[in-house]
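User: I should like a close look at one part of the structure shown here. Please set the part in its context before turning to the detail.

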Amino acid sequence: MTAHNLPHIQIRVETTYLADQSKPEEGLYAFAYTITITNQGQRPAQLLTRHWIITDANGKVQEVRGDGVVGQQPWLQPGERFQYTSGTYLGAPVGSMEGSYGMVTEQGERFDALIPPFSLAIPRVLH
């Protein structure tokens with residue numbers, strides 16, 4: 001089976017700094033991210049696992065692996081989308097995340113849907 005026969009999964013990310021859950025004086029910065037996963041292919045696919053690489057501006061790297069997202073392993077039919085919101089803490093006001101979702105087709109073919117790097121940053125206040 002060739003890669004072009006696998007479902008095409010599009011991933012979009014929106015991030016928010018959570019000031020009310022952050023403690024900058026303790027070096028703790030909270031961020032939420034909302035992910036929209038869209039199956040733009042012709043075949044259904046299921047999200048089985050997640051793998052995140054989270055890096056803060058101090059160079060600290062956290063790696064997170066697990067089953068599903070927010071306790072779910074959604075099936076996405078062609079044209080269907082799944083959206084969820086989760087969060088993370090950084091030890092710096094700026095960082096980035098990237099990773100992949102482990103997916104599977106109805107025929108049992110496994111593939112990774114890559115999550116492109118995105119930034120987590122405290123909004124700048126302009127004077």
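How far apart are the mean positions of the positive and negative charges of the chain? After that, please examine strand S2 (29–39) closely: how many of its residues are buried, and which strand does S2 join through 10 bridges?

Analyst: The model is a predicted one. In the chain, the mean positions of the 9 positive and 12 negative charges lie 2 Å apart.

As context for the strand, the chain contains eight strands and zero helices. Its C-alpha atoms fill a box of roughly 50 × 25 × 25 Å along the principal axes. Of its 127 residues, 41% count as buried, and carbon and sulfur atoms supply 48% of the exposed area of about 7,600 Å². Among contacts between residues at least 6 apart in sequence, 66% join residues at least 24 apart.

Strand S2 is largely enclosed by the rest of the structure, because 10 of its 11 residues are buried. Two pairings involve S2. With S1, S2 pairs in the antiparallel sense over nine bridges, and in this pairing Ile11 stands opposite Ile37. With S6, S2 also runs antiparallel, and 10 bridges join the two; here Tyr29 stands opposite Leu90.

The strand also contributes to the nonpolar interior. In soluble globular proteins, nonpolar side chains tend to be buried together. The largest nonpolar core of this chain has 26 residues, and those with the most contacts inside it include Ile35 and Ile37 as well as Ile9, Trp52 and Tyr84. S2 is among the elements that give two or more residues to this core, together with S1, S3, S6, S7 and S8.

Two residues outside S2 show how other strands meet it. Trp52, in the range of strand S3 (45–56), is in contact with Tyr33 and Ile35. Leaving aside neighbours within four places in sequence, the contacts of Trp52 also include Tyr84, Met97, Tyr101, Ile115 and Phe118. Thr88 is placed in strand S6 and is buried, since its relative accessible area of 10% is under the 20% cut-off. Beyond its neighbours within four places in sequence, Thr88 is in contact with Tyr29, Ala30, Phe31 and Tyr33, and also with Ile54, Met97 and Leu120. Tyr33 thus appears in the contacts of Trp52 and in those of Thr88.

In summary, S2 is paired with S1 and with S6, and 10 of its 11 residues are buried.

Conventions:
Residues numbered from 1 in each chain as written. Predicted model: local features only at pLDDT ≥ 70, side-chain atom pairs only at ≥ 80, totals over all residues. Heavy atoms only, no water. Helix = DSSP H or I, 4+ residues; strand = E, 2+ residues; numbered from the N terminus. Buried < 20%, exposed > 50% of the residue type's maximum accessible area, 1.4 Å probe, protein only. Contact = heavy atoms within 4.5 Å. Areas by Shrake-Rupley, 256 points an atom, 1.4 Å probe, with all protein chains shown as cover. Lys, Arg positive; Asp, Glu negative; His and termini not counted. Charge placed at Lys NZ, Arg CZ, Asp CG, Glu CD. Core = buried A, V, L, I, M, F, W, Y, C linked by side-chain atoms within 4.5 Å. Pairing = 2+ DSSP bridges.
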